[in-house]
Amino acid sequence: GRLWRYVRGAPKAELHLHIEGTLEPELMFEIAARNGVAVEGTVESHRIRRQSFKDLQDFLDLYYAACDVLKTEEDFRDLMYAYLQRAAVDNVYAAEVFFDPQTHTERGVPFDVVISGLHRGIVEGHRNLEIRANLIMCFLRHLSEESALSTLEQALPHLDKIVGIGLDSGELGNPPSKFERLFERAAGMGLKTVAHAGEEAGPEYILEALELLKVRRIDHGVQCLKDSSLVERLAKEGVPLTTCPLSNMKLQVNSRYFGGRNVTGQLLEAGLRVTINSDDPAYFGGYINDNFVRAVSDCNLTERDVYKMCRNSFTSSFLSDVDKAFCI
Ligand code: ADE
Ligand code: ZN
């Protein structure tokens with residue numbers, strides 16, 4: 001209806017999207033077949049397995065296992081290109097795409113293969129689909145600081161292909177403080193910084209990400225609602241939150257922490273700079289517009305709210321000021 005049309009037509013930027021989380025079962029089997037990798041089950045059985053998750057770790061176990069099929073530059077190109085095609089349908093003008101190099105280098109796939117393939121997908125997407133994309137290199141927080149620092153070293157010849165760094169994977173027990181030196185080094189190299197914080201762990205992780213990692217955006221950040229003084233600070237400083245409504249629902253964040261509620265409405269009412277994103281759309285049952293529609297219908301939002309969050313996505317992006325002005 002009218003709402004869907006408004007959401008679909010609104011230009012938007014996607015700021016929280018893991019490229020590995022866009023691997024649909026069909027593409028996974030296609031790539032597995034050409035690489036001679038055995039994958040158990042069928043497209044249908046994988047779809048069913050992805051319908052629900054106990055928590056973040058239950059999802060991550062499946063997500064990392066699926067990555068085993070990705071081996072060649074071609075695979076990473078195809079993965080990126082398929083996402084950009086799908087995002088263009090949702091009127092995404094620009095995407096800042098997370099990738100997890102350690103997931104692949106730990107399996108013996110060279111860093112250069114991963115980044116060259118993803119970059120090729122971006123170049124072809126820009127040429128054929130008129131969609132812009134940039135890469136944000138994420139570090140797996142369950143691994144050591146040493147592993148992260150050596151991964152940053154491997155990125156040195158490719159800094160022209162990366163706009164920033166992020167922090168993801170299992171949050172509980174892996175606080176931002178573990179990566180203070182990494183973020184300081186990356187910032188010194190001119191990279192922008194973001195971090196997942198306050199997805200499953202409490203508001204103290206958000207505070208650490210701001211104070212110790214000096215991030216420009218908080219990925220998820222929904223747990224700020226447990227600390228009213230933190231909410232006030234985020235609102236006053238205009239810190240962007242890249243929220244992911246379907247992700248929070250599928251990973252039981254809403255049921256465990258918010259009495260089953262979608263908190264998008266509360267975050268907006270608190271005056272926070274909220275953006276809507278899809279996180280891992282091949283696992284959570286929808287791409288960015290599905291996430292908008294879910295938030296609007298769960299929280300009774302208006303077209304004005306949708307407009308505001310789309311505008312927030314551009315102002316919170318790492319696009320140049322000229323590009324921002326053009327998009328808004
Ligand atoms: N990796 C992929 N999706 C993630 C999420 N929602 N949280 C933490 N790490 C992730
Ligand atoms: Zn995420």
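A contact here means heavy atoms within 4.5 Å. The structure is a predicted model.

**Exercise 1. Overall fold**

Describe the chain by its contacts, its secondary structure and its extent.

Solution.
1. Take the contacts in the chain with a separation of 6 or more: residues 24 or more positions apart account for 77% of them.
2. Count the secondary structure elements: the chain has 18 helices and 8 strands.
3. Compare the radius of gyration with the globule rule. The chain has a radius of gyration of 18 Å, and the rule gives 20 Å for 328 residues; the two values are close, so the chain is as compact as a globular protein of that length.
4. Along the principal axes, the C-alpha trace spans about 50 × 45 × 40 Å.

**Exercise 2. Surface and interior**

State what share of the residues is buried and what supplies the exposed area.

Solution.
1. Buried means under 20% relative accessible area. By this cut-off, 58% of the 328 residues count as buried.
2. The exposed area of the chain is about 13,100 Å², of which carbon and sulfur atoms supply 49%.

**Exercise 3. The zinc site**

Identify the protein donors of the zinc ion (ligand 2), classify their arrangement and place them in the chain.

Solution.
1. The donors are His16 (NE2), His18 (NE2), His196 (NE2) and Asp279 (OD), at 2.1 to 2.2 Å from the zinc ion (ligand 2).
2. Four donors count as tetrahedral if all angles lie between 85 and 135 degrees. The angles subtended by the 4 donor atoms run from 84 to 174 degrees, and the arrangement is therefore irregular.
3. In sequence, the donor spacing is H-x1-H-x177-H-x82-D.
4. His18 belongs to strand S1 (residues 12-18), while Asp279 sits in the loop between strand S8 (273-276) and helix H15 (281-284); the pair therefore ties together parts that are 261 residues apart in sequence.
5. His18 and Asp279 are both buried.

**Exercise 4. Cysteines**

Determine how many disulfides the structure holds, and examine Cys138 and Cys224.

Solution.
1. A disulfide requires a pair of cysteine sulfur atoms within 2.5 Å. The search of the whole structure finds 0 disulfides.
2. For Cys138, the nearest cysteine sulfur is that of Cys244, 12 Å away, and Cys138 is in no disulfide.
3. Cys138 counts as buried because its relative accessibility is 0%.
4. For Cys224, the closest cysteine sulfur is also in Cys244, at 14 Å, which is too far for a bond.
5. Cys224 counts as buried, with 0% relative accessibility.

Methods
Residues numbered from 1 in each chain as written. Chains lettered and ligands numbered in written order. Predicted model: local features only at pLDDT ≥ 70, side-chain atom pairs only at ≥ 80, totals over all residues. Heavy atoms only, no water. Buried < 20%, exposed > 50% of the residue type's maximum accessible area, 1.4 Å probe, protein only. Donors = N, O, S within 2.8 Å, 3.2 Å for Na, K, Ca; no water. Tetrahedral: all angles 85-135°; square planar, octahedral: opposite > 155°, others 65-115°. Helix = DSSP H or I, 4+ residues; strand = E, 2+ residues; numbered from the N terminus. Rg over C-alpha atoms; globule rule 2.2 N^0.38 Å. Areas by Shrake-Rupley, 256 points an atom, 1.4 Å probe, with all protein chains shown as cover.
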